[in-house]
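Got the structure open on your screen? Let's go through some of the labels people put on a model like this and check what stands behind each one.

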Amino acid sequence: MDPEAVRKHSALHAKPDGLVLQYGTAGFRTKAERLDHVMFRMGLLAVLRSKQTKSTIGVMVTASHNPEEDNGVKLVDPLGEMLAPSWEEHATCLANAEERDVWRVLMDISEKAAVNLQQEAFVVIGRDTRPSSERLSQSVIDGVTVLGGQFHDYGLLTTPQLHYMVYCRNSSGRYGEATIDGYYQKLSTAFVELTKQAFCGGNEYRSLKVDCANGVGALKLREMEPYFSQGLSVQLFNDGTKGKLNHLCGADFVKSHQRPPQGMEMKSNERCCSFDGDADRIVYYYSDADGHFHLIDGDKIATLISSFLKELLVEIGESLNIGVVQTAYANGSSTRYLEEVMKVPVYCTKTGVKHLHHKAQEFDVGVYFEANGHGTVLFSKAAEMKIKQLAKELEDKKRKAAQMLANVIDLFNQAAGDAISDMLVIEAILALKGLTVQEWDALYTDLPNRQLKVKVADRQVISTTDAERQAVTPPGLQEAINDLVKKYKLSRAFVRPSGTEDVVRVYAEADSQVSWDSAGKCRQPCP
Ligand code: 16G
Ligand code: MG
């Protein structure tokens, strides 16, 4: 580690004057042209984190569902998890350091985090399809190499694929092989095994239309299709050959506008889904015979998956606990259905995958989904071992249930929520249960709901508690919400400062659209 070399290279990736950024819920995210210094410095930081954990660390260059002009970067911790909170602070500190202070900040972090600088470092890098991503990932590599770190550049990957690579490398291959082929093999084999049990192999269950947001998901799904094509045929739309990334398409567009993406040819009652720009989010939808659009969001995905898993767990007769984790955005109908009909315990955490992930780790089987389509199922190591053992030992129906559970474990990317994994699990469940998309949708009816964003002078004046469901400050805000909400049946509303944009988000739901709209009309000035 040579301070002079770091200074010299750092000057080639100079920080724009006065720019202050924060490592937020999804890493750093802003206009691509402001990120060169951040990328270089995250390369440096990844080396320190790798030395400290004596493990491979991942760096993903993506801005997910943001516009094509944006970009972003996040670090992936050894087990494929999000970066530890104390290192998020280090990341913010390093990204905002003035040029002359970069070396000193690196040394400060090394001291605070007890990094052994003699230790070797290995970093793996992935990127999405944005025009700026290739150049920015080169800046990451520059940061890694100037501190003497080794690296492997995977090039184009979905975010969950990079998480998978990191996890594989740190579990000495036990989890899977750290190659793109290893990923395709692992997921597809589990999918094909699982769907073998399906009685109804009709065409209805075999084909799916996928809107890939003009992102990296299209490339990867196309590469992967031959591996699972005996179980499912996918037709890709918005595959990046024409349109712009995330423009009028993708999971975020479909969820927030509650309408189909542009460029998708939807026939009535056909099952369709959308990925976001880095393929870690998925939502389903269809259009009914009257042309009405029906969104099947993360809440309904969680319901389908957890009811399937609960049935299998009951069948094998082991007392493995299952829990569902949601956020304040979960539709009230989904929470009621899970708790009252399915009798599954439901927990609410703050927004952001890392919070849900953390909570879900408390269960043998932890199902977590945000309404926006980020999510997965985590099986504890003990649960995985037990289920895989039972799949060999049990007899008949029980054995079949255990084998199916074992396939589900392999099919979920246990390192992170993954649109491709989620899609394959959902497709397998629908085929196994013989459910049409309409029948799935009819499990419960969503309460009408709306989300708005409001620009305010300083969004940080709003602070929240109770997993963001109650506002603590400014004084009087929560009382004003309470007064409005109590006028309507089954209604609920909250406000929270966004973690990714300079806005305040407002969510409201009520028993009927009429109630919702009339509440919306009494716009009162914010206290
Ligand atoms: C990020 C989060 C997502 C969350 C969203 C909320 C990850 C990988 N992504 O995209 O989980 O729903 O932020 O954004 O954690 P907001 O704070 O602007 O509402
Ligand atoms: Mg994403």
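**What earns each label**

Serine 188 lies in helix 7. Keep in mind that this is a predicted model.

Q: Why is serine 188 called buried?
A: Its relative accessible area is 3%. The cut-off for buried is under 20%, so serine 188 counts as buried.

Q: What is serine 188 in contact with, leaving aside its neighbours within four places in sequence?
A: Met224, Tyr227 and Phe228. Contact here takes heavy atoms within 4.5 Å.

Q: How do you know what span to expect for helix 7?
A: The rule is 1.5 Å times one less than the number of residues. Helix 7 (residues 180–195) has 16 residues, which gives an expected 22 Å, and the helix reaches 23 Å from its first C-alpha to its last, so the two are close.

Q: Which elements do the buried residues of helix 7 pack against?
A: Helix 6 (159–170), helix 9 (216–228), helix 15 (396–411) and helix 16 (419–433). Among the buried residues of helix 7 are Tyr183, Leu187, Phe191 and Leu194.

Q: What makes the buried residues of helix 13 line one face?
A: Helix 13 (residues 353–360) has Val353, Leu356, His357 and Ala360 as its buried residues. Looking down the helix axis, they fall within an arc of 100 degrees, so they line one face of helix 13. They pack against strand 11 (322–327), strand 12 (346–349), strand 13 (365–369) and strand 14 (375–379).

Q: Is arginine 41 buried or exposed, and how do you know?
A: Arginine 41, found in helix 2 (residues 36–53), has a relative accessible area of 0%. Buried means under 20%, so arginine 41 is buried. Leaving aside neighbours within four places in sequence, its contacts include Ser10, Lys15, Glu98 and Glu99.

Q: What makes Ser64, Asp276, Asp278 and Asp280 donors of the magnesium ion (ligand 2)?
A: A donor atom has to be within 2.8 Å of this metal. Ser64 (OG) and the OD atoms of Asp276, Asp278 and Asp280 lie 2.0 to 2.2 Å from the ion, so they qualify. Their spacing in sequence is S-x211-D-x1-D-x1-D. Serine 64 sits in the loop between strand 2 (56–61) and strand 3 (70–76), while aspartate 276 sits in the loop between strand 8 (272–275) and strand 9 (282–287), so this pair, 212 residues apart, links distant parts of the chain. Both serine 64 and aspartate 276 are buried.

Q: Why does the pair of serine 498 and ligand 1 count as a polar contact?
A: The cut-off is 3.5 Å between N or O atoms. A polar side-chain atom of serine 498 lies 2.5 Å from an oxygen atom of ligand 1, so the pair counts. Arginine 505 has a polar side-chain atom 2.6 Å from a ligand 1 oxygen, and for asparagine 372 the value is 3.0 Å.

Q: What makes the peptide bond from threonine 473 to proline 474 cis?
A: Its omega is near 0 degrees. Proline 474 is in the loop between strand 17 (470–473) and helix 18 (477–485).

Q: Is alanine 114 buried or exposed, and what about alanine 213?
A: Alanine 114 has 63% relative accessibility; exposed means over 50%, so it is exposed. Alanine 213 has 0%, so it counts as buried. Alanine 114 has a positive phi of about 50 degrees, and alanine 213 one of about 60 degrees.

Methods:
Residues are numbered from 1 along each chain as its sequence is written. Chains are lettered from A and ligands numbered from 1 in the order in which they are written. This is a predicted model: local features need pLDDT of at least 70, side-chain atom pairs count only at pLDDT 80 or more; totals for chains, interfaces and linings use all residues. Side-chain values use heavy atoms; hydrogens and water are left out. Buried means under 20% relative accessible area, exposed over 50%, partly exposed in between (1.4 Å probe, protein chains only). Helices (H or I, at least four residues) and strands (E, at least two) are DSSP runs, numbered from the N terminus. The arc is that of the directions from the helix axis to the C-beta atoms. Donors are N, O and S atoms within 2.8 Å of the metal (3.2 Å for Na, K and Ca); water is not among the atoms, so sites may look incomplete. A polar contact is a pair of N or O atoms within 3.5 Å; within protein, one must be able to donate a hydrogen and the other to accept it, and residues adjacent in sequence count only if both atoms are side-chain atoms.
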